[in-house]
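The following exercises, each with a worked solution, treat chain dimensions, interfaces, a helix and backbone geometry. Please examine the sequence and the structure before reading the solutions.

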Amino acid sequence: MDALIEADGLTKRFGRTTAVDHLSFVVRAGRVTGFVGPNGAGKSTTMRMILGLDRPDRGGALVGGRSYQSLRTPLREVGALLDPAAVHPGRRAYHHLQWLAQSNGIPRARVGAVLELVGLTPVARGRAGRFSLGMRQRLGIAAALLGDPQVLMLDEPVNGLDPEGVIWIRGFVRSLAAEGRAVFVASHLMSELEGTADHLIIIGRGRLIADTSVADLLGSASDGSLTVRTPRRAEFMPVLSAAGATVSSNGTDRLSVTGLGAEQVAKLAADRRLPLYELTPHRVTLEQAYLRLTRDSVDYAAGSPPPDDAGKAP
Amino acid sequence: MTGEFGRVVRAEWTKFWSVRGTRWSLLIAVAVTIAGTLLLASESNTDVTQAGQGDDDVVAISLRGLYFGQLVVITLGVLVGTSEYATGLIRTTFSAVPGRSLVLATKAVVLGAAVAVAGLVASFASFLVAQPLLQSNGYVAPAYPRPSLVTEPVLRAIIGSGLFLTLLALLGLGLGIILRRTGGAITALVAVTFIPLFVAEPGTPLLSENVAMWVRRTAPIAGLAIQQTRDRADAAIGPWAGLGVLCGYVVAALALAGWLLSRRDA
Amino acid sequence: MVGKRVLRAEWTKLRSVPSTTWSVLAVVGLTVLLSFVVAASVDTSGSAPGCTPGAAGCGDEDVVLNGLSGVVFGQFAVVAVAALAATGEYATGMIRSTLTAVPRRSTVLAAKATVVGALCLAAGLVASLAAFLVSQPVLHGNGFVPEQGYPIVSLADEPVLRAVVGSGLYLALVGLLSLAVGMILRHTAAAITTVFALLLVPFIAALLLPEHSRELVQRYSPMTAGLAIQRTVERADSVPIGVWAGLGVLACWAAAALVGAFVVINQRDA
């Protein structure tokens, strides 16, 4: 089947609050799609609607061209991690995976295999109530992988994992996408997705804000400026201005230069035998680009938003 | 379709038995029923009868422990319905098996089978254990010939008692899914089951005779009529009719539960 | 003072949960409902008109008891709300926040008991009073009038007042018993079932046992002894224990459970 998730006009209201508002997007195979938005933006609700758990007030979602409800063995097509706490505390991890496997006719050997994959084999016989948050997270990931599905939906998979686990899951998610699966990862922290996601679906207050590749987002956010450090700053500034750049001082010995490429700046400095101690292109992080985009859509901001890092207006 | 049903039944079976509390509940239900019967049988004697000499229902007396066992079975049934809501596991279940009526049906099958077996064990054991006690208490021929296990009324009473416990557990399951709250569902079902015993028990009814009779006919506890093996003046309803009343409640509860499951968000 | 702080916190916890409101409404509603039904259906059949009170089969229905019979129905809701006040904290893990905020565990338990007991007492008094007021006119309509040997009773009569207030006390004690069992068992279903077993099993046993053992069970079990407080007329089938002694038996059960809870809460991990 096509590894695809298609959402079309999904809308969900709880009382007077519209949690998801006419949301439409496509998640494709072979890449990691990040589903990003501030807390309360509607990410979990959207995922639940795709899985047929919550009924949308309007619109619908298809997985591989079919509705989730119509799938005979859904775990073999879609693996989802929604809530790591959704385990019976008195039940052993092994049995939790076993009943899931049985419900979809998945061979018993897969239980041991996924436990091995997430590193829970030593505690397979332990009761889920005794697990730490990280262990329960791993158990949830194991459950999502049980049916070897082509589509994976993970809601905050990095939550609760230690640094080693975070690195592992980033690499793991990328390898799953490289195998041709569609991987849909929800997160409220852009920094988690940096280096992992290829494509982003950004929502705020239930509405789509951006549906873009990571490269495009970074490209549009960054302004191509350079940071230059030289002992003869005052001398260099008019030189750069004359060459057509916009220059401003930055701290005690830095210059911020826009409008010229790094090679041109270096050549200008070399022609006048001006030493350059630093020549760095200013890279916007994914987080900065994202914050800029969602500034107006944050429901639960603590105090005023932080100033932009470079001190420059967008 | 049977393939899918079989799969989901197996999954629900694993879920049911992989929680320690289930085993204990069934054991306690059986133990309480047998212990209750023993206690009551050892105290019963032919000097004191509810409605006159020589017409005690020996078989029913041997199954009286069910009055106590039903409390445990109600709790178990409710828990099967509500525990997944408490932990949020219900969402995982519905992502694995989107067919919600199928999930309800398989839960009912698994719960019903387990309680039926436990109930039959409890009923048979109660009956067998009570006989010597009752004999030594004066329930002997010619007024009270020894009841034989292989006769129709006796078998009906015993098997029917097992069925009674099963139906009560299923009623708990339905109510648990409808209310989604453990405390509320157990309380409601225990109240509905036991209140008739306060107000409508023959001999000391708080209600008038007519109303009491009506209550004993229409309350879920009418199901205990299945234990009757003698015609007595204070019998409110026939054995199968009584069990049928309880059946009606179960069907209504499970139907409502199924309808709500399909309508509600997970 | 630490105690006052903790009391206020526990009260806020209890009243800010929707199930508390429902339960209190259920206590009153169920009590009044059953009392009304009993009052509407009971009649004076068996007594000839104009016979003198005290004669057998004549004028010996206990109108006050009948009017308060709904309390056995309302107590179910009391068990639910009180047990949940204890087990709800364990189910959600909130108990850790509670014990971090107030490390003295005995203080927490004492505050819970006070708050839950007060709530159940208030609900119980309202329920009993309402049941009494609703049932008496209905009973009069059913023939329980002075001509039949049933003088009109009112709250000004000492036995009546004792029965009504006592029923409120009964519900409060049942609440305390349930709270204590909830703190000991920490699991909602187990706690509720255990309290119901404590209350109902002896009652059913008493129904099914012959005379001598029945009286023993009725004397010492929490519900049958406790309900003696409602009695205003001595009858052949009355529970063989004094009205206040009976309530005292229930109080002993509640006290024992509370002592158990105090011991257990200080021993265990949160």
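The radius of gyration used below is taken over C-alpha atoms, and the value expected of a globule is 2.2 Å times the number of residues to the power 0.38. The model under study is predicted.

**Exercise 1.** Determine how the radius of gyration of chain C compares with that of a compact globule, and describe the make-up of the chain.

Solution. Step 1: for 270 residues, the globule rule gives a radius of gyration near 18 Å. Step 2: chain C has 20 Å, which agrees with that expectation. Step 3: along the principal axes, the C-alpha atoms of chain C fill a box of roughly 70 × 40 × 30 Å. Step 4: chain C contains eleven helices and zero strands. Step 5: 50% of the 270 residues of chain C count as buried. Step 6: among contacts in chain C with a separation of 6 or more, 79% come from residues 24 or more positions apart.

**Exercise 2.** Establish which of the two pairs of touching chains has the most contacts, and analyse the side of chain B that touches chain C.

Solution. Step 1: the pair with the most contacts is that of chains B and C. Step 2: in this pair, 32 residues of chain B are in contact with 32 residues of chain C. Step 3: α2 (20-43), α4 (66-87) and α8 of chain B each supply at least two residues of the side facing chain C. Step 4: α8(B) gives the most to that side, with twelve residues. Step 5: by residue class, the side of chain B that touches chain C divides into 20 nonpolar, nine polar and three charged residues.

**Exercise 3.** Carry out the corresponding analysis for the side of chain B that touches chain A, then state how chains A and C are placed.

Solution. Step 1: 24 residues of chain B are in contact with 29 residues of chain A. Step 2: α1 (2-17), α2, α4 and α5 (89-96) of chain B each supply at least two residues of this side. Step 3: α1(B) contributes the largest share, seven residues. Step 4: the side of chain B that touches chain A divides into nine nonpolar, eight polar and seven charged residues. Step 5: chain A and chain C do not touch, and their nearest C-alpha atoms are 11 Å apart.

**Exercise 4.** Test whether the span of helix α10 of chain B agrees or disagrees with its number of residues, and identify what its buried residues pack against.

Solution. Step 1: helix α10 of chain B covers residues 239-263, that is, 25 residues, and at 1.5 Å a residue it should span 36 Å. Step 2: its end C-alpha atoms are 37 Å apart, which agrees. Step 3: the buried residues of α10(B) include B:Leu243, B:Leu246, B:Val250, B:Ala253 and B:Ala257. Step 4: an α-helix has 3.6 residues a turn, so residues three or four places apart point the same way. Step 5: the buried residues of α10(B) pack against α6 (100-136), α7 and α9 (209-218) of chain B.

**Exercise 5.** Classify A:Arg273 and B:Arg180 as buried, partly exposed or exposed, and locate each.

Solution. Step 1: phi of A:Arg273 is near 55 degrees, a positive value in a residue other than glycine. Step 2: A:Arg273 lies in the loop between α10 (262-271) and β13 (278-281) of chain A. Step 3: A:Arg273 is exposed, because 7 other C-beta atoms lie within 10 Å. Step 4: phi of B:Arg180 is near 60 degrees, likewise a positive value in a residue other than glycine. Step 5: B:Arg180 occupies the loop between α7 (152-179) and α8 (182-199) of chain B. Step 6: with 17 other C-beta atoms within 10 Å, B:Arg180 is partly exposed.

Key
Residues are numbered from 1 along each chain as its sequence is written. Chains are lettered from A and ligands numbered from 1 in the order in which they are written. This is a predicted model: local features need pLDDT of at least 70, side-chain atom pairs count only at pLDDT 80 or more; totals for chains, interfaces and linings use all residues. Helices (H or I, at least four residues) and strands (E, at least two) are DSSP runs, numbered from the N terminus. A residue is buried if 20 or more other C-beta atoms lie within 10 Å of its own, exposed if 12 or fewer, and partly exposed in between; C-beta atoms are placed from the backbone. Two residues are in contact if their C-beta atoms, placed from the backbone, lie within 7 Å. Ala, Val, Leu, Ile, Met, Phe, Trp, Tyr, Cys and Pro count as nonpolar, Asp, Glu, Lys and Arg as charged, and the others, Gly among them, as polar. The expected span of a helix is 1.5 Å times one less than its number of residues.
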